[in-house]
Structure formats: structure tokens, C-alpha cells
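Hi there,

Here is the structure I promised to pass on to you. Please have it open while you read, and take your time with the notes below.

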Amino acid sequence: MANPLLQVENLTVEFRTDDGVVRAVNDVSFHVEAGETLGVAGESGSGKSVTNLAMLRLIPTPPGRIVGGRALFKGEDLLTMTSERLRKIRGRHIAMIFQDPMTSLNPLMTVADQLTEVTRLHLGHTAKQARDHAVTMLERVGIPAAARRVNDYPHQFSGGMRQRVMIAMALSCKPEVLIADEPTTALDVTIQAQILELIRELQEQQGTAVILITHDLGVMANSCRRVAVMYAGRIVEEAPVDALFYHPRHPYTLGLLNSRPKLEADGSSKLQPIAGQPPNLADLPAGCAFHPRCPFAIERCRTERPLLRPAPTGNLFACHVDVTTAVPHLPQAAEVRT
Amino acid sequence: MISFLIKRLLWTAATMWVVFTATFFLMRAVPGGPFDGERKLDPEIKRNIEARYGTNDDLDVQYFRELGRAVRGDLGPSYKLADFTVNEIIAQGFPISASLGTLALCFALGLGIPTGILAAVWRGRGLDYGPMTVATIGMALPEFFVAPLAVILFVFLWPLFPAAGWGSWDQLILPSVCLGLPFAAYIARLTRTGMLEVLSQDYIRTAYAKGLTPTDVVLRHAVKGALLPVVSFLGPATAGILTGSLIEESIFAIPGLGIHFVQSAQQRDYTLAMGLVLLYFLLLSVMNLVVDLLYKLLDPRVKIDS
């Protein structure tokens with residue numbers, strides 16, 4: 001762990017909104033090593049996308065502002081380097097794919113134009129080389145008749161095919177890090193599996209590290225080595241994937257796991273949703289941000305924010321309570337709601 | 001594509017017939033005729049004139065005669081400008097109005113589009129508010145204010161250009177700039193709006209994530225989409241600007257078509273009014289066709305064959 005490929009330290013991002021300043025990412029630290037897959041999980045608005053966009057300074061400023069922290073890529077801070085230097089890293093060393101392949105590709109440009117501009121920019125390809133490379137990449141992501149389809153526009157592809165194009169584009173410069181921001185959320189379930197499989201295959205071939213942002217725990221379980229769970233802009237638990245699923249230590253992680261549909265033989269198990277709503281980031285509860293929804297909350301949680309601490313299973317978790325022994329009660333939010 | 005063009009041609013012809021018919025009857029529904037003046041004509045003379053132009057015939061006879069003529073491309077004699085046919089009047093005035101309009105349009109595009117793009121890119125800063133305030137004022141100021149102001153400034157105070165007239169290049173500049181200014185203002189605002197819309201799209205974020213420079217993102221990824229609203233505005237605007245402006249042409253003494261639009265209607269010059277209406281409509285149809293084809297060129301998702 002001496003020199004991780006990418007190390008984010010104490011990243012804090014604020015947005016100016018009508019309700020005041022909102023801290024979308026609060027003191028977030030994590031690292032990614034070469035070739036591994038880190039999962040980032042959490043509800044909408046938990047800050048998982050903003051964290052990764054902020055790392056590449058892709059959040060709109062204003063209203064966004066990176067207040068503090070560092071994002072070291074091979075020892076260089078992405079947050080303070082010059083824009084020119086950063087542009088040489090974006091797309092070349094760290095590439096991104098986004099949630100909605102319908103809107104993330106430019107509808108007015110052919111796939112060829114969009115693919116070749118990256119390699120011409122970063123790899124200095126000639127028009128011919130870039131084109132051949134684009135076709136090769138499309139073939140590698142499994143687009144049939146790639147040599148012909150490369151001239152098509154995005155709207156002539158289906159959703160899954162478009163995400164394949166995005167992946168081809170992101171991987172065409174062989175980046176060391178691929179940030180996949182909910183890459184399968186907008187796709188059919190059958191296509192989801194194919195896309196994840198594709199990302200994994202290409203990751204193995206190229207040794208790419210992947211940050212997989214998703215709220216789908218099933219996806220996590222299958223693809224990630226480590227998982228970070230975010231809540232209200234903070235990482236509340238980080239653990240190797242098995243430890244997270246079998247020995248969750250944070251009540252929020254536990255809640256996420258319990259709120260997944262399960263296949264029980266007798267069909268008796270009911271979904272247990274997490275009570276209440278995600279908090280308003282402009283007006284966070286004091287103490288632990290999760291305590292109004294937490295079935296394990298104790299008095300201390302209302303006043304004192306828990307820090308990340310290690311568990312013997314390898315988890316890092318931010319909770320005052322030991323959920324393996326504590327007895328759950330009805331959370332405050334549930335009392336209010338009913 | 002071919003079938004699309006043929007279909008459009010047939011539609012234009014049909015609409016043109018409707019326009020012809022509506023104009024024909026509307027003109028004649030208005031009280032007064034081309035040969036009524038303040039001074040009563042001698043009844044004998046009036047009868048002779050009316051016999052010569054056939055304005056005494058039954059309406060249906062006149063209608064079919066004029067329609068038949070128009071179909072052959074002959075718009076007949078002007079009722080008020082003796083010895084001129086409508087075709088001759090248009091042939092003289094239209095090239096002048098059209099060249100003035102073309103220049104004005106080039107000026108408007110050349111000023112409006114870059115201003116709009118820069119205003120959007122520098123949104124919320126001085127380089128956005130400044131030009132956009134000027135643009136709003138430019139749209140609000142009437143031509144009969146801007147043109148004399150320009151004359152005072154650039155003819156009298158700082159004599160750069162001649163005051164009026166038509167024939168040499170330096171006479172072109174003031175009127176075309178004055179004519180183009182409100183269009184430039186409008187185009188700048190449209191471009192800015194379109195640009196802001198495009199710049200908030202996900203694919204712009206993708207473009208930045210690829211490592212492109214802001215200039216490349218704007219020029220390669222954003223401008224094309226941002227121009228779509230401008231293109232749809234340009235269709236009708238071009239038809240309007242090419243057929244001349246009464247105010248501009250009066251102030252700068254330019255022998256264009258603008259003045260005829262007003263006078264032919266006021267003086268019940270039935271044939272000339274009809275000719276101008278048909279000319280304007282034809283231009284409008286052609287420009288709308290050009291807009292549709294340009295749309296197809298800019299946005300591959302647009303299907304024109306349906």
C-alpha cells in the first residue's frame with residue numbers, strides 16, 4: 001500500500017444552492033491500486049458520482065467548489081495541477097463512462113469522429129491509424145460489422161450498443177484507471193450482465209483499475225474486490241467485498257443488504273426498506289448523519305459523529321455501535337413517519 | 001430525397017394558389033380602386049383606363065385572367081406606375097434589396113454567432129452581460145432611430161461614409177449594418193440560449209472527460225447543436241430581409257423593393273401588390289426548404305422523407 005495508483009485524501013466538495021451551501025462530498029478518502037476494482041455504493045445524492053467527477057475536476061464550477069483534499073494519481077495531485085497537465089490525464093490515463101449512453105455520446109457526431117478524436121489527441125494517431133484503431137476497439141467491445149458501423153451516429157445504435165461504444169471510447173487509450181459511473185443503470189438486465197462482463201474482460205486484458213459506482217449491490221458482489229459505502233457525502237464503511245456482504249459493520253450497509261429482494265424458498269421474506277428519506281444535505285442531522293434512520297442509534301449518535309475504525313474482518317466503519325451484538329429498535333425516522 | 005423535393009414543390013404550388021386567391025379577393029374587398037384619386041377623373045377617361053386594364057370586367061373574369069397570367073410568370077402591368085410591368089419593377093428593385101439584405105445578413109451572422117457563443121462560454125461574467133445588454137437594446141431600438149443616429153455619427157460627426165444613395169461600395173455599408181443590427185442582436189441571443197442548452201448536456205461532460213480543450217469542446221461538440229435554433233430563425237428572417245425594408249431604403253434613398261410593399265397596398269396597385277406577395281411567399285418557401293435541408297445536414301437524427 002506504499003504507492004497506490006490513485007489516492008484520494010480528505011476530498012471535500014461543496015455546491016452553492018438556493019438552500020445554502022451543500023457539502024456533497026465530505027472528507028472522503030480512498031485509494032485504488034493498479035488492476036483492482038473498487039466499488040462505490042450508496043443512494044442517489046450520497047456523493048458517489050460527485051466524488052469521482054471532482055477528482056477529474058469535471059464538476060461545474062460554480063456552483064460546485066472543491067474545498068479541500070488531494071487526489072494523487074501516481075503521486076501528482078489532480079486537484080492542483082495545471083489544466084493542461086490535467087487534460088493529458090483525462091481520457092489518456094483516467095477515463096470515464098457514464099450512466100446514460102443515450103445522452104453521453106454526442107448525437108451530432110459519428111461514432112468514428114468521437115472515437116478518433118481521443119486517440120488523435122492523446123496517442124498522436126494519424127486519421128488513418130485512429131480510424132483503424134476505432135474499428136479494432138469497436139470489434140473488441142463486440143459490435144458486429146464494426147468497420148461499417150463506425151460511420152453511424154449514436155442514435156442508430158441500441159442502448160446496450162451505445163454503452164459498448166462508450167466503453168470502446170474510454171478504453172481506446174488504454175487508461176490505467178476507468179471510472180464507471182453507474183454504467184448499467186440505464187440498461188436492460190440482460191444487457192447489464194454483458195456490459196459488466198465486458199468491462200471485466202477488458203480490465204483483465206489491459207490491467208486497468210476500475211472504480212465502479214453503482215447502487216446495485218448485486219453488481220458489486222460480482223465485480224468488486226473492495227467496496228466503499230457512502231452516505232450523505234461521507235464514506236461510512238469500506239471493506240473487502242466478502243467482509244462487506246457477510247460481516248457488514250455499519251447499520252446503513254446492513255440496511256442496504258436487507259432492502260434487497262431475496263429469493264427464499266417459501267417466498268416469505270419481506271423487503272425491509274431503510275426507514276425515512278435520505279437527509280437534506282443542506283441541513284444534515286447533528287452527530288451521525290444516519291442516526292434518524294438507524295435502528296441501532298444510541299444517545300451518543302445524536303451528538304458525536306463516529307470516525308472510521310477498523311474491524312477484525314478488515315472492514316473500516318464509522319459507527320459507535322457494534323451491530324453484531326446490539327439489538328435493533330424502531331428508528332426515529334420510522335416513528336415520525338407512522 | 002427526390003420524392004421529398006417533389007412533394008414540397010407540389011405543396012408550394014398549392015399554397016401559392018391559395019395565397020394568390022386570398023390576396024386577389026382581399027385587395028378588391030378593400031374600398032377604393034387603383035384609379036380613384038383625390039381629384040375625380042373625367043368619367044369618360046376613367047372608363048377608358050378601366051377598359052384598358054380590364055378592371056371593369058366581372059371579378060371571376062379578372063381572377064382567371066390574372067391567374068392564367070401569373071402561372072405563365074407574367075404579373076401584368078402596374079396600375080400605378082405607368083409603362084412599367086410588375087416583372088420589370090421587381091427585376092429592378094429586387095437585386096438591390098437582395099444585395100443589401102445579403103450583406104446585412106452576413107454582417108448579422110458574423111457578429112451575432114460569435115457574440116452568442118462567447119457570451120454563453122463566459123456566462124455570468126462581464127463578457128456575457130455586456131454584449132447581451134447591447135443585444136437587448138439593439139433588438140428594442142427601432143430602425144428609424146438607429147439609421148438616423150448612424151447617419152449623424154458616421155456621416156456628419158465622423159465622415160466615413162456617404163449619407164445615402166446606391167451604386168458604390170461605401171454607400172452599402174451604413175444601410176446594411178443598420179439593417180443587420182437587430183438581426184445580429186437576435187441571432188446573438190438565440191446562439192447564446194442554444195449554446196447554454198448544449199453546454200449543459202452530458203455529452204459535453206464526456207468531451208471534457210476525454211481531455212479535449214475548452215476550445216475544441218465548444219467548436220467541435222457544441223456549436224453545431226447550438227446553431228439549430230438560429231437556422232430555424234434564419235428561414236423567415238432571410239425572406240424578410242431580402243425583400244427589402246421600407247424604412248432603411250427610404251432613409252438611405254435606396255431604390256429597392258421595400259417602398260413598393262407599402263405603396264402598392266396603399267394605392268390599390270393590385271398587380272404590383274400581388275407580385276410582391278407572391279415573390280415574398282416564394283422566397284419564404286425556398287428558405288424554409290433550405291432550412292429543412294440544413295437541419296438534416298446539422299442533425300443526423302432529423303428525417304426529412306416522412
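**What I found**

Of the 306 residues that make up chain B, 33% count as buried. Please keep in mind that this is a predicted model.

Let me stay with chain B for a moment. How many helices and strands are there in chain B? The chain has 13 helices and zero strands, so you will meet one α after another if you follow its elements from the N terminus. Measuring tape in hand, so to speak: along the principal axes, the C-alpha atoms of chain B fill a box of roughly 85 × 55 × 30 Å. Looking at contacts in chain B between residues at least 6 apart in sequence, 73% of them join residues at least 24 apart.

Next, have a look at where the two chains meet. On one side there are 22 residues of chain A, and they are in contact with 18 residues of chain B. Three helices of chain A each supply at least two residues of the side that touches chain B: α2 (83–89), α3 (101–104) and α4 (111–122). Which of them gives the largest share? That is α4(A), with four residues. Sorted by class, the side of chain A that touches chain B has 10 nonpolar, six polar and six charged residues.

Chain A also has strands to look at. Strand β1 (residues 6–17) of chain A pairs with strand β2 (residues 20–32) in the antiparallel sense, and nine bridges join them. These two strands form a hairpin, with two residues between them. To find one of the bridges, start from A:R16, whose partner in β2(A) is A:V21. β1(A) also pairs with strand β4 (residues 64–73) of chain A, again antiparallel, over eight bridges. There, A:T12 stands opposite A:G68 in β4(A).

Finally, here is a single residue to find for yourself. A:H291 sits in the loop between α11 (251–258) and α12 (299–303) of chain A. Is A:H291 buried or exposed? A:H291 is buried, because 26 other C-beta atoms lie within 10 Å, and the cut-off for buried is 20 or more. Leaving out residues up to four places away in sequence, A:H291 touches A:P285, A:A297, A:C301 and A:R302. If you go 12 residues along the chain from A:H291, you reach A:T303, and the C-alpha atoms of the two are separated by 9.8 Å.

Enjoy exploring, and write back with any questions.

Best wishes

Notes
Residues numbered from 1 in each chain as written. Chains lettered and ligands numbered in written order. Predicted model: local features only at pLDDT ≥ 70, side-chain atom pairs only at ≥ 80, totals over all residues. Contact = placed C-beta atoms within 7 Å. Nonpolar A, V, L, I, M, F, W, Y, C, P; charged D, E, K, R; others polar. Buried ≥ 20, exposed ≤ 12 C-beta atoms within 10 Å, placed from the backbone. Pairing = 2+ DSSP bridges.
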